[in-house]
Amino acid sequence: MKKVLKWFVCILLVFGVFMSAFSGFAFPAEAKTVSQRDAIVEIALTQEGVSGCPNKYTYAFGRIDGSYKWPWCAAFVYWCSQQVGIPHSIIKRSAESGVNSFNTPYYEYSPTADIKKGDILYMLNKNGRHIGLVTDVDEDFIYTIEGNVKNSVVRYQYTREDGYSDWSHEESWQKITHYGVPAYEDIKTEPKTVIFPEDGIYKITSSYRENGREDYDYVNFSKDDNNIHVRTNLDGLRDSTRVRCQYFTFTHISDGWYTITNIATGFAMEVCDSMAAPGTNIQQGVLTKSDAQLFKFLDAGDGLCYIKSKLGCFVDIQSEDYTVNDNVWTYKFNGSPTQKWALHSHTHSYSSEITKKATCIEKGSVTYTCSGCRLIYSDEIPLTEHNFVNGICSVCSFKNEQKGMMGDLDEDKKITAADARLVLRASVGLESFKEKEITLADIDKDKRITAADARLILRASVGLEDSEKWS
């Protein structure tokens, strides 16, 4: 019995150890961080050993001086901030490693400096400036993880007493000069409320703008086929070819996912190369309705929304410099102003211009132009009636045999005293006119045949009246 009990206890112990290890590996959500300070360190530590250049960190900045191959300690820190969605206002996109580069309060180093996990260290070495990310501290050392140390991501430690790295020596030294304290926040949770705009035309403006500036930054497609990137720009591109680049057709596909197609270029907004990584450019491409071209609108409050790509990241402005022509890309959700957008539905307001007059032999055209989006379309003007002068159309020379010539009662194509005599006889009942003859005889158009009509015809026969005006 004791032997059986012993085996049972051993099995329980092994199972307990196994479940503990399994739980720690498979369910990291239990230990999920809620602080950006902890999150950036966690992601940085996973990069230890990554080497080579160019690399994913340098690509986070794009091409600099025509190349992706350049010192990348700052790129490493910024890339880590991207992965956990830290806003640019906390850790700025910067290719520099100086103390002014990351929008963070910074202080001169001293042995008693209050340095914490997640702070940024600024160092000098024999090659110039350098930065690293603090992973831990104790009474004697400051521990870091740094990019571009001998072209790799490595861990190091610095003595608190003098700020030198533990590998410093005469030919290769590195010393802390300052430390930065980013204004980290708690990691925000994505909103759940989905907005369903009606299919139609919209303008998209960023909620992020310079204080005091009255206009917003509008999402703008380039009309130039050689520039496929999507950027922000000021409203007021009032010429017909550029202003339309700020108008988009929203089309609901399914389950809250929309395509966003520009009315000027005809291309759809899409995530470059269908990449899910933060820091991927938003560009324009031929409409395919792929996941890279599907976006969902989530409520951000105050009439604003977040625009989420089906690939996972959110539409964001790359810079926080309050400048125009900023690049639009994707970024992890962080709820910052650069991720909040306003949607402005557009209703066409047309003015018209006759571009070609219609005649009795050729149709005309009228052009309508929307005063907002500059959408232009044309419509057809139908044929007009003939313009008869003495029974002959002045435009096409068509003869109206049924109508005849005003005043020509004997139909000899001339106006003579004989016509006047016939009208005078009809006025006293000595002649009986049919409907057509009544029309030709009623020169003064008073609906009666009188001596006055006969007098006008007689005057026209001797050149004292212009009979062409009677038509």
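Student: Where is the place of Asp-408?

Tutor: In this predicted model, Asp-408 sits in the loop that runs between β24 (392-393) and α5 (417-427).

Student: Does Asp-408 have a salt bridge or no salt bridge, and what is the nearest side chain of opposite charge?

Tutor: Asp-408 has no salt bridge, although it is buried. Lys-413 is the nearest side chain of opposite charge, at 5.6 Å. A salt bridge requires a side-chain nitrogen within 4 Å of a carboxyl oxygen, so the 5.6 Å to Lys-413 does not qualify.

Student: Which backbone nitrogen lies 2.8 Å from a polar atom of the Asp-408 side chain?

Tutor: That is the backbone nitrogen of Lys-413. The backbone nitrogen of Asp-412 also lies 3.2 Å from a polar atom of the Asp-408 side chain.

Student: And which residues does Asp-408 touch, not counting those up to four places away in sequence?

Tutor: Asp-408 touches Lys-413, Lys-414, Ile-415, Asp-419 and Leu-440.

Student: Changing topic, how many salt bridges does a search of the whole structure find?

Tutor: The search finds 14 salt bridges. One of them pairs Arg-155 with Glu-48, with 3.1 Å between the closest N and O atoms. This pair links distant parts of the chain, 107 residues apart: Arg-155 belongs to strand β5, while Glu-48 is in the loop between α2 and α3 (56-59).

Student: Why does Glu-48 count as partly exposed?

Tutor: Glu-48 counts as partly exposed because its relative accessibility is 43%, and the partly exposed class lies between 20% and 50%. Arg-155 is partly exposed as well, with a relative accessible area of 46%.

Student: Which residue meets Lys-308 in a salt bridge?

Tutor: The side chain of Lys-308 meets that of Glu-190, at 3.0 Å from N to O. Lys-308 lies in strand β16 (residues 304-309) and Glu-190 in the loop between β6 and β7 (194-195), so the salt bridge ties together parts that are 118 residues apart in sequence. Glu-190 is partly exposed, with a relative accessible area of 29%.

Student: What about Arg-425, which side chain meets it in a salt bridge?

Tutor: The partner is Glu-431, and the N to O distance is 3.1 Å. Arg-425 counts as partly exposed at 26% relative accessibility, and Glu-431 counts as partly exposed at 29%.

Student: On to the surface. Which residues form a nonpolar patch there?

Tutor: Leu-124, Tyr-164 and Trp-173 form a nonpolar patch, and together they have about 250 Å² of accessible area. Tyr-164 is found in the loop between β5 (152-159) and β6 (174-180). With 33% relative accessibility, Tyr-164 counts as partly exposed.

Student: Where does Glu-42 lie?

Tutor: Glu-42 lies in helix α2 (residues 36-45). At 40% relative accessibility, Glu-42 counts as partly exposed. From C-alpha to C-alpha, Glu-42 is 9.5 Å from Gly-118 in space, while the two are 76 residues apart in sequence.

Student: Now the whole protein: how many helices and strands are there?

Tutor: The protein has 7 helices and 24 strands. Of its 471 residues, 44% are buried.

Student: What share of the contacts join residues at least 24 apart?

Tutor: The share is 53%, counted among contacts between residues at least 6 apart in sequence.

Student: And what area does the protein expose?

Tutor: The protein exposes about 25400 Å², and carbon and sulfur atoms supply 52% of that area.

Conventions: Residues are numbered from 1 along each chain as its sequence is written. This is a predicted model: local features need pLDDT of at least 70, side-chain atom pairs count only at pLDDT 80 or more; totals for chains, interfaces and linings use all residues. Side-chain values use heavy atoms; hydrogens and water are left out. Helices (H or I, at least four residues) and strands (E, at least two) are DSSP runs, numbered from the N terminus. Buried means under 20% relative accessible area, exposed over 50%, partly exposed in between (1.4 Å probe, protein chains only). Contact means heavy atoms within 4.5 Å. Accessible areas come from the Shrake-Rupley method with a 1.4 Å probe; for residues, only the protein chains shown count as cover. Lys and Arg count as positive and Asp and Glu as negative; His and the chain ends are not counted. A polar contact is a pair of N or O atoms within 3.5 Å; within protein, one must be able to donate a hydrogen and the other to accept it, and residues adjacent in sequence count only if both atoms are side-chain atoms. Patches are made of residues with over 30% relative accessible area and no salt bridge: like charges are joined within 9 Å, nonpolar side chains (Val, Leu, Ile, Met, Phe, Trp, Tyr) within 5 Å.
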